[in-house]
Amino acid sequence: MSELLNVRALTVDLPTARGWVRPVNEVSLRIRAGDSLGLVGESGSGKTMLALALMGLLPPGAKTGGEAVLTPANAEPQNLARLDESRWRRLRGLDVAMIFQEPMTSLNPVMRVGDQIAEAIQAHHTKMNAQDVHRWVLEALRLAAVPEPAIRSKQFPHQLSGGLRQRVMIAMAIAAGVSDPSVETTPLEHRVAGEPLTKPRLLIADEPTTALDVTVQKQILELLDTLRRRLGLGLLFITHDLGVVARVADRVAVMYAGRIVEEGPVGEVLGVPRHPYTQGLIAASPTLVRGKLAPIAGTVPQLSALPPGCSFEPRCPVRLPQCQAAVPELRAAGYMHGARCVLVGEEVTQDLR
Amino acid sequence: MEDVIPSLLEVRALSKSYRRGGGAFARDAEGARFVAVNNVSFTVARGETFAVVGESGCGKTTLARILLRLIEPDGGAIVFDGRELMALGRAELRSQRREMQMIFQDPFASLDPRMRVGEIVGEPLAVHEPKLSGTMRRERSAAILERVGLGSDAMRRYPHEFSGGQRQRIGIARALILRPKLIVADEPVSALDVSVGAQVLLLLQELQSEFGLTYVFISHSLPVVAQLATRIAVMRAGSFVEVGEAEQVLHHPTHEYTRELLSAVPALSGA
């Protein structure tokens, strides 16, 4: 499938009371349509700030550098790092959409969920008549596997369970794309099974299942997996949970103190992790087996006081003198697998992927 | 052969229900009741970790609070260290509480933001050992903070100056300063990052053997529970559906719901 997102050396700088900090530091990523990239990091790693940069939702005063090129099908590539607000308004919700951890805070509590999805559609299809809008609202709910869409669309968020609310958020995120005019030429009932319903779009999911029970989480992860394959979505799935990443992602990027420290196929990175931070994160993740838990010593460094070399060096169990000298380059650690650690093989001069 | 030593905690037929859709605007005051805890019985031996696992709304937090009588049950009995808790008056209950302390999920919400950490940790001493001098109280606060991994400079700082993991350590220090016998821990690591959560779990493990603590450990996460539990109770809709040795429940579950929970745990090795 075609390349959807190409992020090259993206930086985000934020003004704080203690001066400028850089929560996103020369991050490079690629996502193709239909692919799923898991972005793993702990709090303060910069993963959410990266997502906000890709949604044009950075806090006021933030500065971005580098580029993040989004290439929607049949449309000109757009550098998301350099868009003005009027162009963002046309893009956001159509070519790139986001779902959040706690759907209750993103849904309007006093508006029926169907009306909220309709708003998301009308923001991009201003001339669509009410009947069509309603049809696409129901279609979006159906795609998000909401049972009895006609009934649910008339309910308020508080009448829905946490899992259903997250499904409504997903419906809202894909709704404007569902009603892509090029698709409307094929009426619902005549559509061939498996025919893509939307143009390729980027869906950013920021800890979408963290607040949910495990059994509900499993269903939502399955839904996102089905949707990205059926609709050709590029999925950027942000989480702190390596188990969730193993379930939803093809590739995984591990972020620490603003930088991607390891990236590769999910089986490789979780199976043969090469960066000491990734290794530590895996050892610190509880499993059903007792007695193997090993925490990482120390805490995540403050962005305002990053060490000069490798950010993980102060906590690293295998650090060397040269780790303090300079930030390590991304080095090849396997097939399409790289790690930012001096202990890893050869330096990558070319782009990894 | 066994059971010569009486258990530390014995719970018999605890129940608690609430009026469904209650509040001042409830149309039907005599309507159906929501059963949060339904006829739950168990015993906890000294030094063991009894874990209660379940999904949101299963009643596990209500159960935890009933054990300390922070919530009054509708019926049932709680025998703690040979004393019938439900029979205790207010003053007796208060002195009994120094033996049983709680650690909460949210280290951000459970510490008074206007108090210095030294005061927060020393407060239980001021309540239960009022004759202790200020100097002694500060010494004991500093010692317990040291033990949970915080330097003595923590004493004069405020909660907001600490990270989530450090705040949870403050909560643990406060719970431990009276040398309780029982700790009820309600989701103590679920608000923490993975690497920090692992630190806190291992700290709880160390403190247990060092102080001879008994834990009732409440969690939604089977992997977290697997690290500490000697026995596990799986709770659903107010009742225990399965109770057994940790190894048994985790690796040879008998109840369908336990199997469903286990299969929903995302494993690192992939789906």
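In the predicted model described here, strand S11 of chain A and strand S12 (residues 337-339) of chain A form an antiparallel pair held by 3 bridges. Within this pairing, Ala332(A) sits opposite Gly338(A) of S12(A). The pair belongs to a wider arrangement, an open sheet of 8 strands in chain A, whose order reads S6-S7-S8-S3-S9-S10-S12-S11 and whose pairing is mixed. Strand S6 (96-99) and strand S11 (331-334) of chain A each have a single partner strand and stand at the edges, so one side of each is left without a neighbour in the sheet. From one strand to the next, the twist averages 25°.

As useful background, strands of a sheet pair through backbone hydrogen bonds, in either a parallel or an antiparallel sense. Chain A also contains an open sheet of 4 strands, ordered S2-S1-S4-S5, and here the pairing is antiparallel. Its edge strands are strand S2 (19-32) and S5 of chain A, each of which pairs on one side only. Helix H1 (residues 47-55) of chain A packs on this sheet, where the helix touches S1, S2 and S4 of chain A, and its direction makes about 70° with that of S2(A).

The individual pairings of this sheet can be followed residue by residue. Strand S1 (residues 3-16) of chain A runs antiparallel to strand S4 (residues 63-70) of chain A, and 7 bridges join the two. In S4(A), Gly65(A) is the bridge partner of Thr11(A). On to the edge of the sheet, S4(A) pairs with strand S5 (residues 78-79) of chain A, again in the antiparallel sense, over 2 bridges. Two residues of S5(A) can be placed here: Asn79(A) lies opposite Val69(A), while Gln78(A) lies opposite Leu70(A).

Turning to chain B, the mean pLDDT is 91, and 93% of the residues of this chain reach 70 or more. Strand S1 (residues 9-19) of chain B takes part in two of the pairings described here. With strand S2 (residues 33-44) of chain B, S1(B) pairs in the antiparallel sense over 8 bridges, and Lys16(B) stands opposite Val37(B) in S2(B). With strand S4 (residues 75-80) of chain B, S1(B) also runs antiparallel, the two being joined by 5 bridges. In that pairing Glu10(B) faces Val79(B) of S4(B) as its opposite residue.

The helices of chain B offer a second view of the packing. In general, two packed helices are described by the angle between their axes and the distance between the axes. Helix H3 (residues 117-128) of chain B packs against helix H5 (residues 164-176) of chain B at an angle of about 30°, and their axes are 7 Å apart. H3(B) and H5(B) are therefore roughly parallel to each other, and their crossing is right-handed. On the side of H3(B), the contact is made by Val117(B), Ile120(B), Val121(B) and Pro124(B), and H5(B) contributes Ile170(B), Ala173(B) and Arg174(B). Sorted by class, the contact of H3(B) with H5(B) comprises 6 nonpolar residues, no polar residues and 1 charged residue.

H5(B) also packs with helix H6 (residues 194-211) of chain B, at an angle of about 15° and with the axes 10 Å apart. That angle makes H5(B) roughly parallel to H6(B). The crossing of H5(B) and H6(B) is right-handed. For this contact H5(B) supplies Gly164(B), Gly165(B), Gln168(B), Ile172(B) and Leu176(B), and H6(B) supplies Val196(B), Gln199(B), Val200(B), Leu203(B), Leu207(B) and Phe211(B). The residues of the contact of H5(B) with H6(B) divide into 7 nonpolar, 4 polar and no charged.

Finally, the two chains can be considered together. The model scores ipTM 0.86 and pTM 0.88. The contact between the chains draws 31 residues from chain A and 28 residues from chain B. On the side of chain A that touches chain B, the elements that give two or more residues are helix H9 (214-231), helix H10 (242-248), helix H11 (266-271) and helix H12 (276-284) of chain A. H10(A) gives the most to this side, with 5 residues. By class, the residues on the side of chain A that touches chain B are 15 nonpolar, 10 polar and 6 charged.

How values were computed: Residues numbered from 1 in each chain as written. Chains lettered and ligands numbered in written order. Predicted model: local features only at pLDDT ≥ 70, side-chain atom pairs only at ≥ 80, totals over all residues. Contact = placed C-beta atoms within 7 Å. Nonpolar A, V, L, I, M, F, W, Y, C, P; charged D, E, K, R; others polar. pLDDT = per-residue confidence, 0-100. Pairing = 2+ DSSP bridges. Axes fitted to C-alpha atoms, helices over the stretch in contact; angles between N-to-C directions. Parallel < 35°, antiparallel > 145°, perpendicular 65-115°, else oblique. Left-handed = near helix turned anticlockwise from the far one by under 90°.
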